[in-house]
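Let's take a walk through this fold together, one strand and helix at a time. Have the structure open and turn it as you read.

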Amino acid sequence: MRVLMTGWFSFLHGEATAGDVLALQAVQDALDAGGCPYDVAWSPVFRPDGLALDDADPARYTHLIFVCGPLHGPQIADLHKRFPDARRIAVGVSVLDPGDPAAAGFDEVLARDGHDLPQRDLAAVPDPPGVPVAGVVLALGQGEYGDRRRHDQVADRLTGWLGGLDCARLPLDTRLDGRDWRLPATAAQFSSIVRRLDVLVSTRLHGLVLGLRNGVPVLAVDPVAGGGKVTAQAKAWKWPAVLSAEDLLGPFAEERLARQLDWCLSAQGQFTAVQASGSATVNPLVDALLRTLSKQSLG
């Protein structure tokens, strides 16, 4: 007995969603517990190194299991033609039309909805380990820096590195707009998001400032060659987790980023960020402004 695990995540023009993959994991856990051997067919776009559905030999499998998603469309119907000798079971699926060839071709359908009583979706079964939540704030304009600008190159290198990390990445924008539901309408709304992060990765000055103001460690990267306002602000806060554009665009950039990220996520990094937050209530610039106004008033 050998099972081929399939789902919408198996099709070249399908899609892999978090719910689909968690539902797959629930079935995998059950098969592992029962000692049942299986393979998983992946879309070559989503998992280029996995078993592609086109490369799965029908003669190798006694059973085919289709996990999660709606039972409709030619891609699922083709599974029945390609694996006619395998016992085909659909589990955790939606049945829109029992007469649809995609649904009717299964020997057994264990549905989450569409007939009988609705069942809880399989995605609720696994308890995956948590990963860090990393907010990402990028500065892509700032033409005033002229030929010292390295913003685009820094962003490409930084986001390429972030894409390979096992973390939850959350793109953020400090721009406020009450007309766009995707953006915060107030500074307080932005700060509320930041406070829920484990770390903030930023090439923008106010990403650094608002992260530290809210007690969240910031991996800061200055996108200006020779150092600009991000570097200056890190010095003002005595914040050590800052890299220059030269650091990021030179050799060993990923090692430098990894060391800084590890420190930010460490107990020391978290404690240092909280300390920085506590010191943020006093700003010498405000005192200087008040003194200036006082002198002008007296004059």
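Which residue in β8 does Gly135 stand opposite? That would be Leu170. Before going further, keep in mind that what you're looking at is a predicted model.

That pair belongs to a longer run of partners. Strand β8 covers residues 168-172, and five bridges tie β7 to it, with the two strands running parallel. To get from β7 to β8, the chain passes through helix α4, residues 151-163, and this β-α-β crossover is right-handed. Ala134 is also part of the pairing, standing opposite Arg169 in β8.

Now look at what else β7 pairs with. Four bridges join β7 to β9, and here too the strands run parallel. Gly135 turns up again, this time with Leu200 as its bridge partner in β9. So much for partners; what about cover? Four of the five residues in β7 are buried, so the strand is mostly covered.

Step back to the loop between β6 and β7 and you'll find Pro132. Is Pro132 buried or partly exposed? Pro132 counts as partly exposed because its relative accessible area is 28%, and buried would mean under 20%. Setting aside neighbours within four places in sequence, Pro132 is in contact with Asp166, Cys167, Ala168, Asp198 and Leu265. Another way to see how the chain comes back here is to compare Pro132 with Arg169: they sit 37 residues apart along the chain, yet 8.6 Å separates their C-alpha atoms.

There's also an open sheet to trace. Its six strands come in the order β3-β2-β1-β4-β5-β6, with parallel pairing. At the edges are β3 (51-52) and β6 (108-113), each of which pairs on one side only. Strands of a sheet pair through backbone hydrogen bonds, either parallel or antiparallel. Within this sheet, strand β1 (residues 3-7) and strand β4 (residues 63-70) run parallel and are joined by five bridges. One of those contacts is easy to pick out: His63 in β4 is the bridge partner of Val3.

Next, find helix α6, residues 205-213, where Leu205, Gly207, Leu208, Val209, Gly211 and Leu212 are buried. What covers them? The cover includes β7 (133-137), which you've already met, along with α5 (187-194), β9 (199-202), β10 (218-221), α7 (229-236) and α10 (267-278). After α6 comes Gly215, which has a positive phi, near 75 degrees.

Leu205 also leads us to the last stop, a bit of empty space. Rolling a probe the size of a water molecule over the atoms shows where empty space is left. How many cavities of 30 Å³ or more does a search of the whole structure find? Just one, and the largest cavity holds about 40 Å³ of space. Leu205 is among the residues that line it, together with Gln142, Tyr145, Thr203, Arg204, Asp222, Pro223, Val224, Lys229 and Val230. Sorted by class, that lining has five nonpolar, two polar and three charged residues.

Key:
Residues numbered from 1 in each chain as written. Predicted model: local features only at pLDDT ≥ 70, side-chain atom pairs only at ≥ 80, totals over all residues. Heavy atoms only, no water. 1 Å grid on protein atoms, 1.4 Å probe; cavity = no way out; pocket = protein on both sides within 12 Å on 5 of 7 lines; lining within 4 Å. Points joined across faces, edges and corners; volume = space filled by probe spheres on them. Nonpolar A, V, L, I, M, F, W, Y, C, P; charged D, E, K, R; others polar. Buried < 20%, exposed > 50% of the residue type's maximum accessible area, 1.4 Å probe, protein only. Contact = heavy atoms within 4.5 Å. Pairing = 2+ DSSP bridges. Right-handed = clockwise from strand over helix to strand, strands pointing away.
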